[in-house]
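Me: Please take a close look at the largest pocket in this model, and then go through the charged side chains elsewhere in the chain.

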Amino acid sequence: EKAKRANEVAGPPGPAWEEPALKFLISCQERLWERSGRSGRDYLLRRGMSEETARRFGLGFNPTSAKVAPGPWGVADRALFLPSGIVIPTIARGHLWAIKARRLRGSPRYGQVTGSKAALFGLSVRPHPSPGYWPAALAEGEFDAMLLNQEAGDLIWACTLGGAANDFVPWAWELRDSSPI
C-alpha cells in the first residue's frame, strides 16, 4: 500500500488559491527588505541566516496577522488567516503549495495561510534534480533545512515536511536520487 502511494501526491491548492497567495507572498518578500521588515531581518540574523539564504528560499515578512474574506482565495465557507512573522513559502513541482509564518514572539510559534497543503520543503533548491546521487537530510523543520543548506549545501541537500504529522510517503519519490538519506 505504501509503495503504491509513493508516486501519488495530491495536487497543490490550485490556481484560485495560488494566484492570491503569490501576491501575498511577493508583498511579504518585498517588505522583508524594507524599513518595516527590520524586526524580521534581525530575527533571521539572530538565527544565523544570511541574506543570501533568505532570498534563495524566498522568505518574506508579514508584520500583523489578519483574517480576510475567503472569496478571492478559493477557500469556501471560512475566513482566510494570514499569520504574522517570517513568511516561509513551500514551492514544489512548479507550484506554491503552502505559506507558513514563524512568529517572532508568542505562541503558537507557527501559523499557516488557510488553504496551504503539506509538501516537501527544499525541492526548489535541490542540487541535482536529474539522476545522480546526492546525500539528503530530512530536517525537523524549515529553518533547520534552510540553515543546513546554507552551511553544508555543497555537501548535502536538506529538506523537510515541516512537521512529523505530515505524510512523507507521497514525497519519498523525490529522494530517489539521494544516497544516503
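Reply: This is a predicted model. Its largest pocket holds about 230 Å³ of space. The lining is made up of Arg47, Lys100, Arg102, Arg109, Tyr110, Glu140, Gly141, Glu142, Phe143, Asp144 and Gly162. Two elements give two or more residues each to this lining: strand E5 (95-102) and helix H5 (142-152). Helix H5 supplies the largest share, three residues. Sorted by class, the lining has seven charged residues, two polar and two nonpolar.

Next come the charged side chains, beginning with an acid that has no salt bridge. Glutamate 18 sits in helix H2 (residues 15-32). Glutamate 18 is buried, and the nearest side chain of opposite charge, lysine 117, is 11 Å away. A salt bridge needs a side-chain nitrogen of Lys or Arg within 4 Å of a carboxyl oxygen, so lysine 117 does not qualify as a partner. Glutamate 18 does have polar neighbours. Its side chain makes a polar contact of 3.1 Å with the side chain of histidine 95. In addition, a polar atom of the glutamate 18 side chain lies 2.8 Å from the backbone nitrogen of leucine 96.

The count of salt bridges in the model comes to five, and three of these pairs are described here.

One is between glutamate 19 and lysine 23, with the closest N and O atoms 3.9 Å apart. These two residues are four apart in helix H2, which means that about one helical turn separates them. Lysine 23 is exposed, with a relative accessible area of 57%.

Another pairs arginine 55 with glutamate 51, where the closest N and O atoms are 2.9 Å apart. Both residues lie in helix H4 (residues 51-56), four residues apart, about one turn of the helix. Arginine 55 is partly exposed at 47% relative accessible area, and glutamate 51 is partly exposed at 44%.

A further salt bridge joins the side chains of glutamate 174 and arginine 93, at 2.7 Å from N to O. Glutamate 174 is in the segment after strand E8 (157-159) and arginine 93 is in the loop between strand E4 (85-92) and E5, so this pair ties together parts that are 81 residues apart in sequence. Glutamate 174 counts as buried, with 8% relative accessibility, whereas arginine 93 is partly exposed at 39%.

Glutamate 18 and glutamate 174 are therefore both buried acids, but glutamate 174 has a salt bridge and glutamate 18 has none.

Methods
Residues numbered from 1 in each chain as written. Predicted model: local features only at pLDDT ≥ 70, side-chain atom pairs only at ≥ 80, totals over all residues. Heavy atoms only, no water. 1 Å grid on protein atoms, 1.4 Å probe; cavity = no way out; pocket = protein on both sides within 12 Å on 5 of 7 lines; lining within 4 Å. Points joined across faces, edges and corners; volume = space filled by probe spheres on them. Nonpolar A, V, L, I, M, F, W, Y, C, P; charged D, E, K, R; others polar. Buried < 20%, exposed > 50% of the residue type's maximum accessible area, 1.4 Å probe, protein only. Lys, Arg positive; Asp, Glu negative; His and termini not counted. Polar contact = N/O pair within 3.5 Å; in protein donor to acceptor, adjacent residues only side chain to side chain.
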